[in-house]
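Colleague: I am new to this structure and would like a close look at a single part of it, namely how strands are arranged in a sheet and what packs against them. Please take me through it slowly, and go on to the neighbouring topics where they help.

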Amino acid sequence: MSIPGCIIGRPEDFVLAKVPLGSCVPDQEDAPVIDMQGAMALPAFVDMHTHLDSAQTWPRLPTGEVSRDGAFKTLTSDHAHWTRDDLMRRIDFALRCAFAHGTCAMRSHIDVSNPQLDLVLSVLDEMRTTWGGRIALQASSLTALGRFDADERDAQIASRFAGMGGALGAILDPIHDLRPRLKAFLRLAALHGLPVDFHADETLVATSECLRVLAETVTEIGFDLPVTVSHACALSAQSEARAVQTLDLVAKAGLHVVSLPLVNLHLQDHQPGRTPRRRGMTLVQEMQARGIPVSFASDNMRDAYYPFGDLDMFDVLRDATRIAHLNHAGTDWPKSVSQTPAQACGFDLPDLLGGAPDMVIFNARNWSELFARPQSDRIVVRSGQAITRSIPQFQELDDLYGRR
């Protein structure tokens with residue numbers, strides 16, 4: 001089998017290796033040695049930025065403004081439908097999709113402004129148990145930092161997410177008191193021993209510099225727990241000098257950046273009747289050049305923010321490669337959907353060469369062959385055994401949308 005050298009710490013583009021498998025055919029015992037003819041193997045995927053609570057709500061949502069703020073308003077109007085059964089079925093559907101595509105671990109952001117927060121967390125906690133051994137689940141709180149007051153409710157939220165082994169998260173917008181609020185937020189996270197995970201600069205307004213403020217603040221107060229920040233679209237709208245200066249600060253602060261190419265491509269510069277000129281892709285190549293850890297992730301799945309997506313991390317990597325021209329930027333980007341996010345979240349690293357590997361096998365022998373096709377015939381291997389890839393059918397959820 002062909003394994004990218006970066007995955008196993010080798011300088012070569014690919015390394016031909018023997019990989020121990022129980023069987024490449026589901027439920028087949030005593031399988032013979034199989035010559036995979038150089039087929040490529042990647043570690044099982046880690047999707048560290050998703051929104052499982054809102055997954056698969058798109059079919060019942062009214063048509064709204066295609067923007068971050070418009071999507072928030074539209075999705076909030078759907079909360080009345082979020083019963084236990086509704087949440088259980090939609091989240092389970094999403095996890096079955098991710099599992100069939102080869103994902104072994106996920107982090108989901110949970111909107112804590114939702115009045116049904118207790119119900120959402122209860123369902124997600126149950127799913128963590130139900131899906132244990134297949135997909136490791138982690139939760140991160142999500143609130144606009146402008147709503148954060150470091151009061152008793154915020155402390156209770158931090159305690160709850162700490163009890164679930166999760167992270168404390170917030171949306172950073174260029175509000176006038178961003179720095180003091182951010183310091184208070186980081187103090188609360190430190191008190192509970194929580195890593196932090198921010199949404200920042202999800203805009204093409206060049207003066208939005210929350211990423212810069214975050215990097216400066218983390219360095220100033222010496223915050224030493226893991227810090228993740230997602231989106232950072234505004235970098236692509238800034239001058240080259242200003243953007244790279246910010247990235248130098250990010251590198252110094254030791255931040256981890258998550259790029260969300262599919263959703264950012266959909267939302268940024270989206271105007272009715274006008275072809276988008278700017279696509280919102282953050283500066284991942286410049287980040288990599290400065291040693292900043294970069295991961296790619298799915299983000300939303302068929303909700304008000306993004307009406308598409310199937311939590312397929314290969315689809316994310318494939319599109320990221322083409323959008324950001326990663327085929328001309330070195331060969332270690334496969335780590336951005338496996339090892340790098342696993343380390344950022346504290347998940348066990350996906351096993352590839354051990355006795356019971358967790359991996360995805362593709363009918364491709366090089367990068368061009370890999371990204372030329374959607375790889376719908378991939379083989380997903382968990383604990384050394386090929387799983388039966390059963391992708392759920394959309395019709396399963398029709399009754400949730402009032403269909404018969």
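Modeller: In this predicted model, three strands form an open sheet in the order β4-β5-β6, and their pairing is parallel. The edges are taken by β4, which covers 45–50, and β6, which covers 136–142; each has a single partner strand, so one side of each is left without a neighbour in the sheet. From one strand to the next, the twist of this sheet averages 15°. Looking at one pair in detail, β4 and strand β5, which is made of residues 103–111, are joined in the parallel sense over 4 bridges, and within that pairing Phe 45 stands opposite Thr 103 of β5. Against this sheet packs helix α2, residues 84–101, which touches β4, β5 and β6 and whose direction makes about 150° with that of β5.

A second open sheet can be read in the same manner. It has 5 strands in the order β7-β8-β9-β10-β11, again with parallel pairing, and its edge strands are β7 (168–172) and β11 (294–296), each of which pairs on one side only. Neighbouring strands here are turned against each other by 25° on average, if direction is ignored. Inside this sheet, strand β8 (residues 196–200) runs parallel to strand β9 (residues 227–231) and is joined to β9 by 5 bridges, with Asp 197 standing opposite Thr 228 in β9. Helix α5, which spans residues 178–191, packs on the sheet where it touches β7 and β8, and its direction makes about 170° with that of β7.

Finally, there is a packing of one helix on another. Two packed helices are described by the angle between their axes and the distance between the axes. For helix α6 (residues 210–221) and helix α7 (residues 240–253), that angle is about 30° and the axes lie 9 Å apart, while the crossing of α6 and α7 is left-handed. On the side of α6, the contact is made by Leu 211, Arg 212, Ala 215, Glu 216, Val 218 and Thr 219, and on the side of α7 by Arg 242, Gln 245, Thr 246, Leu 249, Val 250, Lys 252 and Ala 253. Sorted by character, the residues of this contact between α6 and α7 comprise 6 nonpolar, 3 polar and 4 charged ones.

How values were computed
Residues numbered from 1 in each chain as written. Predicted model: local features only at pLDDT ≥ 70, side-chain atom pairs only at ≥ 80, totals over all residues. Heavy atoms only, no water. Pairing = 2+ DSSP bridges. Helix = DSSP H or I, 4+ residues; strand = E, 2+ residues; numbered from the N terminus. Axes fitted to C-alpha atoms, helices over the stretch in contact; angles between N-to-C directions. Contact = heavy atoms within 4.5 Å. Left-handed = near helix turned anticlockwise from the far one by under 90°. Nonpolar A, V, L, I, M, F, W, Y, C, P; charged D, E, K, R; others polar.
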